[in-house]
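Hi,

Here is the structure I promised you. Have a look at it first, and my notes follow underneath.

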Amino acid sequence: MTTSNTPLGSAGEPVLSVRGLSVDFLVNGEWSTVVHDLSYEVRPHEVLAIVGESGSGKTQSSMALIGLLPPSGRATGSVKLDGTEILGLPGKRMSGIRGRQVGVVFQEPMTAMNPVYTIGFQICEVLRFHLGMSKRQARARAIELLRLVDLPDPELTVRKYPHQLSGGQLQRAVIAQAIACEPRLLIADEPTTALDVTVQAGILDLLRSLKDRIASSIILISHDLGVVADIADRVLVMKAGRVVESESSEQIFYRPAQPYTKELIAAVPTLTATAVSETPPAEVAEEAAPTDALVSARRLAIDYGTDRGPRFRAVDGVDFHIGRGEVLGLVGESGSGKSTIGQAAVGLVPVADGSLVIDGVELAGIRSADLKALRRRVSIVFQDPGSSLDPRMQIADSIAEPLVLHRLAKGKELAKRVNDLLDQVHLPRTMLARFPHELSGGQRQRVGIARAIALEPVLLVADEPTSALDVSVQAKVLEVFEELQRQHGFACLFISHDLAVVERLANRIAVMRRGSLVEAGPTRHLLDHPRHQYTRELLAAVPVADPHEQRTRRETRRLLSARGTPS
Amino acid sequence: MDVLPEAPALIEAPVRRVSKLRRLLRDPSGLLGVVVLGGVIFLALLAPWISPHDPERQNLKASLLPPAWLDGGDSAYLFGTDRLGHDVLSRTIWSARTSLLIGFSAVALAVLLGVTIGVFAGYVGGRLEDVVLRLADIQLAIPPILLAIVLAAAIGPSPTTIILVLGGTGWVVYARITRGDVLSLRDRSFVKAAVSLGAGHGRVVFRHILPHLVSPILIVATIEISLAILAESSLSFLGLGIQPPTPSWGSMLGDGRDYLASAWWLSVFPGIALMLTVLSVNLVGNWLRDVYDPRLS
């Protein structure tokens with residue numbers, strides 16, 4: 001095992017060599033090809049990023065390497081690991097390679113670990129199966145591994161169950177499991193997609209350091225070019241099952257040859273903030289809420305939880321305001337309470353304490369008749385367009401629903417209004433009779449937006465409306481959104497974890513953390529002169545699609561975290 | 001209910017949807033079920049006109065005749081006769097009326113009770129839900145046949161009694177399914193979306209929740225229709241259900257039991273009719289579920 005830092009792309013024999021790999025799926029009795037003739041190599045200590053949008057075949061082609069295709073799939077071609085052909089090995093011999101020579105890190109750590117066993121047990125299982133370690137040896141090694149992935153108190157963590165760890169910690173445990181046998185190759189399938197940006201930054205640092213410490217090469221599958229810029233040595237761009245471009249990271253980001261690659265890079269929303277200036281200017285606090293604000297929250301507190309389970313205070317003592325026609329970007333990590341505020345604004349969860357006034361109506365203790373009247377003027381777009389449309393209703397019915405509910409139109413007039421709305425979100429009218437599952441994610445979200453603006457709301461709550469979409473689709477949906485906002489002039493509470501998206505849309509930004517507002521201010525001002533340590537960390541953690549820039553940001557982040565985090 | 005009946009007419013047909021009839025023709029098992037069940041219902045409706053004899057008329061001179069195509073058979077009695085000279089064919093046809101009536105009514109009653117209770121329990125929650133769940137537990141602890149025997153003794157055996165007993169005890173499974181699904185549907189974002197648009201409880205329940213319950217309820221209901229028909233047969237077999245001389249498949253099987261060795265036709269023909277009906281109800285149920293799912297169209 002060598003730990004020398006070999007320069008990029010050199011160092012002898014490739015660890016993995018893929019030649020003419022094709023993946024087909026049996027659909028309705030016919031083989032249809034989802035990956036066409038894929039060839040690439042991964043050299044020692046190298047991080048190869050496979051980039052593409054959903055459906056590009058990036059995951060299937062990687063799962064095919066180690067025989068993890070679903071039963072309806074088949075792979076042909078040649079895959080050599082250290083010079084030995086491994087494609088199509090019988091089940092037993094493939095099991096000896098998976099986990100031993102090739103480790104896999106999945107997207108969602110919560111589902112990658114079995115909830116009924118401890119972390120330690122699941123790591124030991126791998127060690128005992130592949131390396132024939134005794135119980136005691138395996139346990140000692142498991143603790144060592146947990147230390148290697150920087151988990152606190154490894155002796156304690158080893159006895160914990162998956163639900164007792166946070167998402168980021170759990171992903172570290174999954175990585176520990178994947179590298180338990182010091183594999184030659186680590187396949188990481190969107191390892192940070194389910195995590196918050198600050199946590200993501202930590203996981204990426206870990207992966208970067210691991211490839212040197214355990215001499216493993218990494219295949220990183222990702223849709224996030226920022227992540228790729230952060231860690232990849234070489235990048236393979238895929239589209240519709242074919243390679244578009246395969247070059248060094250530098251080449252891809254600074255001199256992309258193919259139009260698709262250029263498009264992909266251009267579609268990434270970039271944060272233009274110079275971000276992490278060292279000396280925060282001593283600015284005056286957020287201006288007091290103007291008296292004519294459309295939305296104003298005073299010491300707002302919201303409890304979350306059902307009537308069946310315990311309640312906890314998800315939002316506490318939050319003050320903010322939104323002017324008419326203004327877009328307020330609400331950012332924060334998962335669990336910060338930002339979505340809860342959005343739900344409270346449309347009356348889906350009650351205000352527990354304090355006051356939330358929208359368009360002159362107080363939501364604390366509101367009567368249901370008043371709430372119904374308010375819903376005529378306030379609407380919401382949800383995060384997951386797949387589940388926010390009733391799967392048994394045709395698109396026309398979904399869009400028409402608010403108009404029907406408030407008896408604003410019927411018959412021909414209704415059909416006309418629905419057609420208008422469809423035009424406004426740039427969807428063809430042929431979509432009307434379709435069901436949600438017959439639409440793509442981006443199309444569904446447009447339908448969600450059309451439904452939300454049907455009532456000409458004065459306030460639109462957008463709860464992570466594009467986070468479930470591919471970057472190029474996201475870019476188009478955001479365009480539609482901006483256009484509509486200009487036309488209709490509604491005020492908007494735009495909730496997002498993505499600072500770059502918020503920067504593009506919002507007039508002002510409010511940053512939340514653990515149920516409280518950390519700071520708020522005009523977009524430009526807040527991004528350029530963040531006052532709060534947490535805002536600065538958040539800014540530094542956002543990956544940008546630029547390897548050099550990313551390197552400097554890493555440095556700043558290190559400096560920031562060395563200073564510690566006051567909360 | 002249909003919000004936009006004319007909208008699809010304004011536009012060109014976008015996705016090619018296969019008509020329900022086409023899909024039925026393409027699904028052999030569903031087709032078989034529809035044909036057989038349709039045949040049974042047809043026979044049941046037309047029983048007074050097509051059955052060759054009065055099912056309740058005795059003819060002691062023609063007792064225990066074998067089917068017409070066997071030695072000693074009488075061409076007037078195609079499926080033979082029983083001990084009292086009843087025509088087996090006529091009784092088998094008339095029995096379809098009793099069995100289908102009881103099977104469908106009992107399940108309809110159970111579904112109506114169960115879904116209503118389940119929706120209230122799941123949607124309202126709180127104390128009501130606790131009460132309903134405990135009631136369901138109590139109900140499950142009482143064997144329905146035992147209850148049927150008690151009720152039959154108390155208010156007399158009749159088709160109504162059977163329907164009330166089977167329907168009144170069958171609600172638990174529907175209430176449980178409904179409550180569970182309502183709980184999960186209530187938190188789905190499309191339901192929240194409807195609420196945020198100003199939809200009231202009625203609309204949320206009828207437009208956004210109940211349609212999603214059709215598949216699971218249909219699956220259980222078709223199995224339960226079969227079970228209800230079988231339960232009626234068992235009760236009648238025990239002498240607690242349909243009283244002679246009214247024919248039912250169960251009582252015919254019960255009567256035929258003593259003659260299995262000597263006069264098999266007494267039990268075999270009602271048995272086949274019962275089996276075909278139960279089977280076809282299940283096939284039709286599967287087909288309906290697929291037809292109702294927009295994702296499969």
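In chain B of this predicted model, helix 5 of chain B touches helix 12 of chain B through Val88(B), Thr92(B) and Leu100(B). On the other side of that contact, helix 12 of chain B brings Trp265(B), Leu266(B), Phe269(B), Pro270(B), Ala273(B) and Thr277(B). Sorted by type, the contact residues come out as 7 nonpolar, 2 polar and no charged. Helix 5 covers residues 88-124 of chain B and helix 12 covers residues 265-292, and they pack at about 35° with axes 10 Å apart. The crossing is right-handed.

Over in chain A, take a look at Thr118(A), in the loop between helix 3 (109-112) and helix 4 (119-131). Thr118(A) counts as buried because its relative accessibility is 17%, under the 20% cut-off. Its side chain reaches the backbone nitrogen of Phe121(A) at 3.1 Å. Further along the sequence, Thr118(A) is in contact with Val158(A), Arg159(A), Lys160(A) and Tyr161(A).

Now the salt bridges: there are 35 over all chains. One of them pairs Glu519(A) with Arg531(A), with the closest N and O atoms 3.7 Å apart. Glu519(A) sits in strand 20 and Arg531(A) in the loop between helix 20 and helix 21 of chain A, so this pair ties together parts 12 residues apart in sequence. Glu519(A) is buried at 6%, while Arg531(A) is partly exposed at 31%. Arg147(A) also bridges to Glu155(A), at 3.0 Å. Finally, Arg19(A), Glu41(A), Arg43(A), Glu46(A) and Arg234(A) are joined in a salt-bridge network.

Cheers

Key: Residues numbered from 1 in each chain as written. Chains lettered and ligands numbered in written order. Predicted model: local features only at pLDDT ≥ 70, side-chain atom pairs only at ≥ 80, totals over all residues. Heavy atoms only, no water. Axes fitted to C-alpha atoms, helices over the stretch in contact; angles between N-to-C directions. Helix = DSSP H or I, 4+ residues; strand = E, 2+ residues; numbered from the N terminus. Left-handed = near helix turned anticlockwise from the far one by under 90°. Contact = heavy atoms within 4.5 Å. Nonpolar A, V, L, I, M, F, W, Y, C, P; charged D, E, K, R; others polar. Buried < 20%, exposed > 50% of the residue type's maximum accessible area, 1.4 Å probe, protein only. Polar contact = N/O pair within 3.5 Å; in protein donor to acceptor, adjacent residues only side chain to side chain. Salt bridge = Lys/Arg side-chain N within 4 Å of Asp/Glu carboxyl O. Lists of a residue's contacts leave out its neighbours within four places in sequence.
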